[in-house]
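Reader: I should be grateful for a close look at a single part of this structure. Please explain how that part sits among its surroundings.

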Amino acid sequence: MPELPEVETVCRGLAKALTGKRITRADVRRPDLRFPFPKNLPARLKGRRIAKIERRAKYILVRLDKNETLALHLGMSGRMVILNKPTKPGLHDHLIFHFGKNLFVHFNDPRRFGLCDLIPTHELAQHKLFRHLGIEPLGKELSAAWLAAKFRSKKTPIKAALLDQRLVVGVGNIYACEALYHARISPKRLAKRCLKEDTARLVPAIRKVLNAAIKAGGSSLRDYVRADGELGYFQHRFAVYDREGKPCPECDCDLQKTGGVKRMAQGGRSTFYCPVRQL
C-alpha cells in the first residue's frame, strides 16, 4: 500500500500540474471501487476549478471551488498518472479526469481497494473517513513528550503503536521499520516501556526517514509510481526493510554470528530489524 511519502509525492505532482485548472469532463468507468462512486459524479465535477491539492494521512484531498473536496485514496495498488495526450483507457483505469485537450489524469486501481468521495469541505474533519485520524508525523504536534505520554497506555509492541492511525497517521510498515532502526529501538519492545529518551530519538528518526523518502519520490516496490509515471527510488536506500540476512549499513557486527538483518511477523506484516543495533 502506498504510504505517506508516496501519497505526498503524488499530491505534489498533481498540485504542480492541476492547481487552478478546471475539470472539463470526468469519466467513471465502473460503479465502485472499495465503495460506490458518489452519485452523479461526472455532472458534479464538470467545470469545477481545482483550488488546491494536499494530503491528509494517506488521502489525496482535491480542494474544489464551491467549498467541496474530492477525497481520494489509492488503496493497495492505486496510482494517479498525468498524461499530456488522449490515451486509450487501460483495463483498470476506473476514473479519468479531463482538463482540456492535452491534460488528463487516470486513476488506475487493479485491486479496487481505492476510494473516491465528494465531501463538503467544512464537514471534512468530522467525516467518517477522517474523524478518527491522529496527528501528522511531519507536523509540530508530534513531539517526544507527546509520544511518550501516548505510549504509556499502549500494551502493544512499539511498531504496532506506530501503525495505529488513531495515534499518528501515515507512517506505514516500511517507514516504521526504518525509523525504529535509526532510533536504535527494537520493534519487539512494548510501547509502554519506551521512555522519553527513546521517543526523543524516535521522533526525529520518523521525520528524517519520511522526508528522505519524499525527496526520493517514495518507494516503488510493486504498483506505485509517481504522478508523472516515474518510479520512486527510496527502496534503494532501505537500511533494514526487505534486507533479511544482509548487513545493516551502520553496524560492523559479524554476519556469521548475527545472521544480519532479521525478519519476523508482527500483526500480519513483516518486520525487519538489526538484533545488534536495536535493543
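Author: In this predicted model, eleven of the twelve residues of helix α5 are buried, so the helix is largely enclosed by the rest of the structure. Buried here stands for a relative accessible area under 20%. Helix α5 covers residues 172-183, and from its first C-alpha to its last it reaches 16 Å, close to the 16 Å expected at 1.5 Å a residue.

The buried residues begin with Gly172, Asn173, Ile174, Tyr175, Ala176 and Cys177, and they continue with Glu178, Ala179, Leu180, Tyr181 and Ala183. As for what encloses them, the buried residues of α5 pack against three helices, namely α1, α4 (158-162) and α6 (196-215), and against the strand β10 (269-273). Just after α5 comes Arg184, which takes a positive phi of about 60 degrees.

One of these partners, α1, leads on to a sheet. Helix α1 (residues 4-18) lies across β2 and β3, and its direction makes an angle of about 170 degrees with β2. Both strands belong to an open sheet of four strands, which pair in an antiparallel manner in the order β2-β3-β4-β8. Its edge strands, each paired on one side only, are β2 (50-56) and β8 (115-120). On average, neighbouring strands of this sheet are turned by 20 degrees against each other, direction ignored.

Within the sheet, strand β3 (residues 59-64) is joined to the antiparallel strand β4 (residues 68-73) by six bridges. Arg63 stands opposite Thr69 of β4.

How values were computed:
Residues are numbered from 1 along each chain as its sequence is written. This is a predicted model: local features need pLDDT of at least 70, side-chain atom pairs count only at pLDDT 80 or more; totals for chains, interfaces and linings use all residues. Side-chain values use heavy atoms; hydrogens and water are left out. Two strands pair if DSSP finds at least two bridges between them. Helices (H or I, at least four residues) and strands (E, at least two) are DSSP runs, numbered from the N terminus. Axes are lines fitted to C-alpha atoms, for helices over the stretch in contact, and angles run from 0 to 180 degrees between N-to-C directions. Contact means heavy atoms within 4.5 Å. The expected span of a helix is 1.5 Å times one less than its number of residues. Buried means under 20% relative accessible area, exposed over 50%, partly exposed in between (1.4 Å probe, protein chains only).
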